Amino acid sequence: MAVAARQAAERLDAMSPPAGGAWVSRARSGALERLRTMGLPGRRDEYWRFTDPTSLTVAAPPRAAVFDTADEAPVFGPIDRLKLVFVDGVFDPAASDDPVLAGVEISRLAEAGAQDIHWAQDLYGTLETAGQVPVERPLAALNTAMARDGVLIRVTGKAAKPVSLIYAHKSDSSDAILHHCIKLEPGAELTLLENGPAAARFNKVMEVDVADGARFHHVRAQGRDHERRAATHIFARLGRESLFKSFTLTANGVLTRNEAVIELTGDDAVAHIAGAALGDGAFHHDDTVFVTHGAERCESRQVYKKVLRNGAVGVFQGKILVRPGAQKTDGYQISQSLLLDDDSQFLAKPELEIYADDVKCSHGSTTGAIDETALFYLRSRGVPRIEAQNLMVLSFLAEAIEEIEDEAIADDIRSRLQGWLARRSR
Amino acid sequence: MLEIKNLHVKLEEDGKAILKGVDLTVEAGKVHAIMGPNGSGKSTLSYVLAGRDGYEVTEGGASLDGEELLEMEPEDRAAAGLFLAFQYPVEIPGVGNMTFLRTALNAQRKARGEAEVSAGEFLKLVREKAKSLKIDADMLKRPVNVGFSGGEKKRNEILQMAMLEPRMCILDETDSGLDVDAMKLVAEGVNALRGEGRGFLVITHYQRLLDHIKPDVVHIMADGRIVKTGGPELALEVETNGYADILAEVA
């Protein structure tokens, strides 16, 4: 056994989950058992071929300097929302709003987990466990076993305003693990916002159960800290005629692995997942997506766009699995990169696996440079080269940003992007 | 105003000579037309003046109001007052037409040391100009040229021209792909901008556009040179007899 592998095995043997009430203890020890069986991911794992997981699995995270974003307006600033703040993975009640919102029940894992029964017991670790097949996701099992906190949100009606999770990063050696559960009862609707770098290293799992006719919107802006690392998972299960929409904007970050595992289990459900990433220099961004169609007439869209320069690396592993009987499936997947120089790299592995005969599935993946003709067109109207290039970047990312349904939130994301591009050009 | 002197240009890619000594002067307030058969170098001339990559100037030059054009970046030429209406306007998904127009207008004003136009002023201005070109609010909101018909794209070019108020306008085959009604609209838009000391260089294959935009001077271009210059009657001659007679006569 190689040294790294032996160290990892020893680390798993020595691991013991945080104390808690009956339900959460069961879930944690079950997860740890699963994790010990599968082991931590290594470079040789097929699922980690393009991304080296070492810094995500070692006992202590590499240091990550805190990045000053004082020159920037707060993310989602203009949006009326209920704010819940975590600093380096620790809940900050003073900075947070009262978790009171009509039609929404909000509790913290740290508190609910101390009780012996809680509604989240049927969800916590359940979708994560289901999502371990056919591909293992050890970092998610590690999260279920070790997370001390997170938010548990049960939505029974239409939430009056978005719930906004803010992840501040203040310590250069913080190692944060958060686990959120979101349960939307039939017909309920919620918008969840997330932003911030969170920690030097961040491991986050979010399990989302979208019942029949419910609607879930998720918009996330991952922080600008250059040196932070993150491994995040979204596990979602969709009921009949439900809707799931998720968009992620990422800029900077030395390593980001965002996994999404979405299962359409009820007929006529819709799942859209999109990402826009801006990578510059030491930047490795990996989107790994697995969408399973298990019911009839469902629609799924994966839209991933990456703009890379100065040696930045983008990875996309995306799969659509259509189970037997999932007739009239409409699946779409696009992953594209815009390389602003010759040093950057885009690695893509798009996959379709279809076991039904009456389906419509398409996928595409492209890599290219900026369209010189369009650039000249803009410049010929007086727009300086850099500004014209920034407009082309916005144009390239537009299809992903259009997946955000709320116009005010989409505008905030757009203006943030414009701000980042303008700063970068100086 | 626009002075082109002995301009020689070859393609960077294969070294093929395209312009072989073009001499042309467009005076302020005048409309000059360039006609000529396919491959004579008309479009190349417009691209070289606007600053597109891929061409190498081997001899001669061009200036606008005494400023040497060919050493300037495309955006600086625009700020100096040059405008090229493209034969094939480019589609830019995800960038709204209004955003584009405002960015361009303010970039030019900034380059000239003028104050930027406020959102309110801009809106008023663009609505007024759009109306006369029959460009509706929806077209203004849509991404630049995306899903526009051929006629809409050309009208959009003229709208940009009207908003940017250039000193010197080059129209590269603006009539291509237009039906008669669309051509009239475009011509009206151009005619509305005539005068005020503005120069025009109208590049076209056919005389019909010149029925609507009456030129002061007509040039015939062939094999990279201006081979004949005359009044509006020269365009009619082309229409009746084709280029063959003229080319034979100057050969």
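**Entry 1: B:Gly242**

I started with B:Gly242 and found it in helix 9 of chain B, which spans residues 233-250. The model I am reading is predicted. I then looked up accessibility. B:Gly242 has 25% relative accessibility, so I logged it as partly exposed. Buried would have required under 20%. I also checked B:Gly242 against B:Gly96. The two are 146 residues apart in sequence. Their C-alpha atoms lie 42 Å apart in space.

**Entry 2: A:Asp287**

Next I went to chain A. A:Asp287 sits in strand 15, residues 284-293. Is A:Asp287 buried or exposed? I read 4% relative accessibility for A:Asp287, so it counts as buried. I listed its contacts, skipping residues up to four places away in sequence. A:Asp287 touches A:Asn258, A:Tyr304 and A:Lys306. It also touches A:Val315, A:Phe316 and A:Gln317.

**Entry 3: the nonpolar cores**

Then I turned to the cores. The largest nonpolar core holds 117 residues. Which members touch the most others there? I noted A:Phe247 and B:Leu49. Helix 8 of chain A, residues 385-401, gives the most to this core, with 9 residues.

I followed A:Phe247 further, leaving out neighbours within four places in sequence. Its contacts include A:His218, A:Val219 and A:Arg220. A:Ala274, A:Gly275 and A:Ala276 are also among them. So are A:Ala400, A:Ile401, A:Ile404 and A:Ile413.

I also logged a second, separate core of 52 residues. Among its members are A:Phe86, A:Ala159, A:Ala176 and A:Leu190. As background, I noted that nonpolar side chains tend to be buried together in soluble globular proteins.

How values were computed:
Residues are numbered from 1 along each chain as its sequence is written. Chains are lettered from A and ligands numbered from 1 in the order in which they are written. This is a predicted model: local features need pLDDT of at least 70, side-chain atom pairs count only at pLDDT 80 or more; totals for chains, interfaces and linings use all residues. Side-chain values use heavy atoms; hydrogens and water are left out. A nonpolar core is a set of buried Ala, Val, Leu, Ile, Met, Phe, Trp, Tyr and Cys residues joined through side-chain atoms within 4.5 Å. Buried means under 20% relative accessible area, exposed over 50%, partly exposed in between (1.4 Å probe, protein chains only). Helices (H or I, at least four residues) and strands (E, at least two) are DSSP runs, numbered from the N terminus. Contact means heavy atoms within 4.5 Å.
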